[in-house]
Every structure is written in C-alpha cells, then in structure tokens.
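Trainee: Could you take me through one part of this structure in close detail? I would like to look at the salt bridges, and then see how the rest of the chain is laid out around them.

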Amino acid sequence: MRFVLPFFASSQPKTPQVGLAQRSKMMEYDQPLVWVVLLLMLFGMVMVYSASISLPDSPKYASYKNAHFLIRQSIFIGVSLLAGLFAFRVKIETWQRFAPHLFVITLVLLTLVLVPGIGKGVNGAKRWLSFKVFNLQPSELMKLFIVLYAADYTVRKQEFMHKLTKGFLPMAAAVACVGLLLLLEPDLGAFGVIVCIAMGILFLGGINGIWFSGIGITLMGIFTLVIVLSPWRRERIFAYLNPWIEENALGKAYQLSHSLIAFGRGELFGVGLGGSVEKLHYLPEAHTDFLLAVIGEELGFVGVLVVVLMFYWIIKRAFDIGRQAIAIDLTFAGLTAKGIGIWIGVQAFVNMGVNLGLLPTKGLTLPLMSYGGSGILINCIGLAILLRIDYENRVLMRGGRI
C-alpha cells in the first residue's frame, strides 16, 4: 500500500482551475530593443570618459576634473531614461493630438535662439538656450517633433497627397520655416536630417513619385547653392576632397585628417581601451562629433562594426514595428515608427560618414553615444515612443484594448 497509494494519487485527473487565464507568451514590449539601446548608451558613456579624460590638461578645460564629462553624461542618461519611462506611458493618440502644438512650440524656441541675450553661442554658432543648470538645443527637439508633425500631417491630408497645392506645399512651407531658422544659427547638418525625415515620411505616406523626385532634385540644388554662396562652407568642401594637402590638413580638414589617422592607428582590434593618442588634444571634439574616431582607434574595426550593427538593429526594428502598425490600420503610429528609424539612421550615417571621410565635416553627434544632454534626452524620448507603438501593436494583436 505504501507504494500503491502514490501511484493512484498521481494517476488521478487534475481538476482544472476555473477563472485563471493563462498569460500570453508574447512579450509586452521589445526587450531586445531596450537592451541594445541601453548597451549603446553605456558603451557611449565609457567612450566619452575615455575621449575626455585628458581634456583638463588643456587651458580651456583647466578648471574641470578628469571625470567631469563622465559624471555629466551619466546624469544625462539617468534623466533621459526617466523621461523615456514617462514618454512610454503616453498613448500614441495623445502624441498625435499634440503633434502640431509641439511643432509650433519648437519653432518658437528656434526663434528665441536667434534673439540677442537669450540664445547662447559656441564656436560662432547660436544653437542653444541657456537655463543655467543645463543648455537646451531646440534643433534636437525639432528632429523628434518633425517626425510626429509629418506623420500627423500625412494622415490628415491622406486624400490630398497626390495634389501639389493641398498635399505637398503646406508641408514644404513648414519645413522651409524650420530650414530658414536653422540656417541662421547656422546648423546645416540638423536641417539636412530634418529634411530627410520629412521627405521620407511623405514618400512613405504616398506622395506623388514624380513630384517627390522633382522636390529631391530641387533640395539638392538648394543645398548646393547654400554651399556655393558660403565661402567657409565652400572651403570646407574643397578641404574634404583633398585633406592631405598641408594647407588643408592644418586648416579646414584638420579634424578629418586626424580622424582618419585615428582609424588608421586602430587597424583591426585597436590599440586598447584608453590608449588613444589622437584624443590627447590632436582631435577636436573627440567626445562629441568625433567619438567614433576614438572608438576606431581604441577598439579598431571590430569596435566600429559592433556599433554599426547595433544601430542597424534599432533601424530595422523601427521599420518592422512601423510596418506592423500600418498592417493593423494604425497609420500615424506606423509612419511615426518609420520616421524615428529614418531620423536615427540618417543622423548615425552622417556622423559615421564624416568620421570616416565619406562626407564633408558636419556638426552632428552620434545618437545615444556622443556627449550632450539634449541629444540623449530626445533620443530616449523618441525611442520610448517607438517602444510604445510596439506595445500598442502587441496589445491589439492579443485582442486587448489600449
């Protein structure tokens, strides 16, 4: 009996527990995407520390401690993650409702940057609003809000997207206003990113293909004209075409030539973390615009490849999430997700291209990695919105309500 009882006990049919719903195996949010973003930010923080640790040796930063930029970057990341958590809790329909208002508010901020006594200038460019504790760069805000505004505009004007006057021209006028304000700062790099975002969303929204091609050619002409009419931009282009001439290497192509030297020293596996020579006051803005060059020198081709692959993952997921949202008739959410992918992709491509000598020098940071509060903050909010879109997709596919 001692052996039979357990046998009979285990063979009895189990009574189902009524009222206990089984939890879906589908994740509530894209955990791999979250981890990739966190790894990029933490990796960037380490490299910012490595790139800036010697800056206090310069008279310009003599009052700073070696960990000054590390501490500030860690604070930026902490605040940005909190802002991202808050943004994730906001419904996408709420972002859509306030998209035009956010766009107009950012236009006002871009105007205030140009007002004497309000805007803050650095290296001859007025791009910041100073709030004592921190500096806000409105052009970073515009990169996110042009995504929301263009997606909302495309949804509202869907029936007019094949018409020039009612479909394209109002959006073109809005982007032109942004462009004018950015060129007055000047910030041609940010303007280029914003134009790519707006054009990309309009193209995905179904704008007439012939007009789109014509508009693209017109914009290329405008950018060329801006460069031709600006002597210092023209000199920078010529220096980019041949950075190794002594006059260029010591002048307009100084950053580019030292960036290429950094990549050359790194070879396949790099000289080791912290072993960069170019960051020792040879390569300007090593902790911001040219952070990838320091990565290339210290971690080599392998380190750069890891960064490229992580950005590719983010961009791919953004387009996958957007495609999924459009498939379940969430057009605004889908266009917003793809717009965020375009934004991150274009800015990362331009920054990497500049560092590698594929593109002329432009003042654009590497998203999520370069030093800077405004950039990290807006990147986190944008990616939180992307995660919210994915979350709402998953809820609706499970038959739930948002």
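Mentor: Happy to; I will begin with the overall picture, go on to the salt bridges, and then visit some other places in the chain.

Please keep in mind that this is a predicted model. The protein has 14 helices and 3 strands. Its C-alpha atoms fill a box of roughly 95 × 60 × 40 Å along the principal axes. Of the 402 residues, 47% are buried. If you take the contacts between residues at least 6 apart in sequence, 70% of them join residues at least 24 apart.

Now to the part you asked about. The count of salt bridges comes to 11. Seven residues are linked in a network of such bridges: Asp30, Lys316, Arg317, Asp320, Arg323, Asp390 and Arg394.

A good place to start is Asp320, in helix H12, which covers residues 291-327. The side chain of Asp320 meets that of Arg317 in a salt bridge, with 3.8 Å from N to O. These two residues are 3 apart in H12, about one turn of the helix, and both of them are buried. Asp320 also forms a salt bridge with Arg323, where the closest N and O atoms are 2.9 Å apart. Arg323 and Asp320 are separated by about one helical turn, because they are 3 residues apart in helix H12. Asp320 is buried, whereas Arg323 has 48% relative accessibility and therefore counts as partly exposed.

The network also takes in Asp390 and Arg394. Arg394 forms a salt bridge with Asp390, and the closest N and O atoms there are 2.6 Å apart. Both residues belong to helix H14 (residues 373-397), and being 4 residues apart they are separated by about one helical turn. Arg394 and Asp390 are both buried.

While you have helix H14 on the screen, have a look at Asn379, which lies in that helix too. Its relative accessibility is 4%, so Asn379 counts as buried. Leaving out residues up to four places away in sequence, Asn379 touches Trp343, Ile344, Pro367 and Leu368.

Helix H13 (331-355) brings us to the second largest pocket, since this helix is one of the elements to be met there. About 700 Å³ of space lies in that pocket. Helices H7 (188-204), H8 (209-229), H9 (231-241) and H13 (331-355) each give two or more residues to its lining. The lining has 25 residues, and those nearest the centre of the pocket are Leu188, Gly192, Cys196, Phe223 and Ile227. Sorted by class, the lining holds 17 nonpolar, 5 polar and 3 charged residues.

Next come the strands. An open sheet of 3 strands runs in the order S1-S2-S3, with antiparallel pairing. Strand S1 (119-122) and strand S3 (135-136) are the edge strands, each pairing on one side only. S1 and S2 are joined by 4 bridges, and Lys120 has Trp128 in S2 as its bridge partner.

Strand S2 spans residues 125-130 and includes Lys126. With 27% relative accessibility, Lys126 counts as partly exposed. Beyond its neighbours within four places in sequence, Lys126 is in contact with Val113, Leu114, Val115, Pro116, Gly119, Lys120, Gly121 and Glu185. Glu185 is 59 residues away from Lys126 in sequence, yet their C-alpha atoms are 5.1 Å apart.

Glu185 leads on to a point of backbone geometry. Most residues other than glycine have a negative phi, and most peptide bonds are trans. Glu185 and Pro186, however, are joined by a cis peptide bond, with omega about -5°. Pro186 is found in the loop between helix H6 (164-184) and H7.

Two residues with positive phi can be found in loops on either side of H12 in the chain. His281, which is not a glycine, has a phi of about 70° and sits in the loop between helix H11 (254-266) and H12. With a relative accessible area of 38%, His281 is partly exposed. Asp329 is likewise a residue other than glycine with a positive phi, near 65°, and its loop lies between H12 and H13. Asp329 counts as exposed, because its relative accessibility is 67%.

Key
Residues numbered from 1 in each chain as written. Predicted model: local features only at pLDDT ≥ 70, side-chain atom pairs only at ≥ 80, totals over all residues. Heavy atoms only, no water. Salt bridge = Lys/Arg side-chain N within 4 Å of Asp/Glu carboxyl O. Buried < 20%, exposed > 50% of the residue type's maximum accessible area, 1.4 Å probe, protein only. 1 Å grid on protein atoms, 1.4 Å probe; cavity = no way out; pocket = protein on both sides within 12 Å on 5 of 7 lines; lining within 4 Å. Points joined across faces, edges and corners; volume = space filled by probe spheres on them. Nonpolar A, V, L, I, M, F, W, Y, C, P; charged D, E, K, R; others polar. Contact = heavy atoms within 4.5 Å. Pairing = 2+ DSSP bridges.
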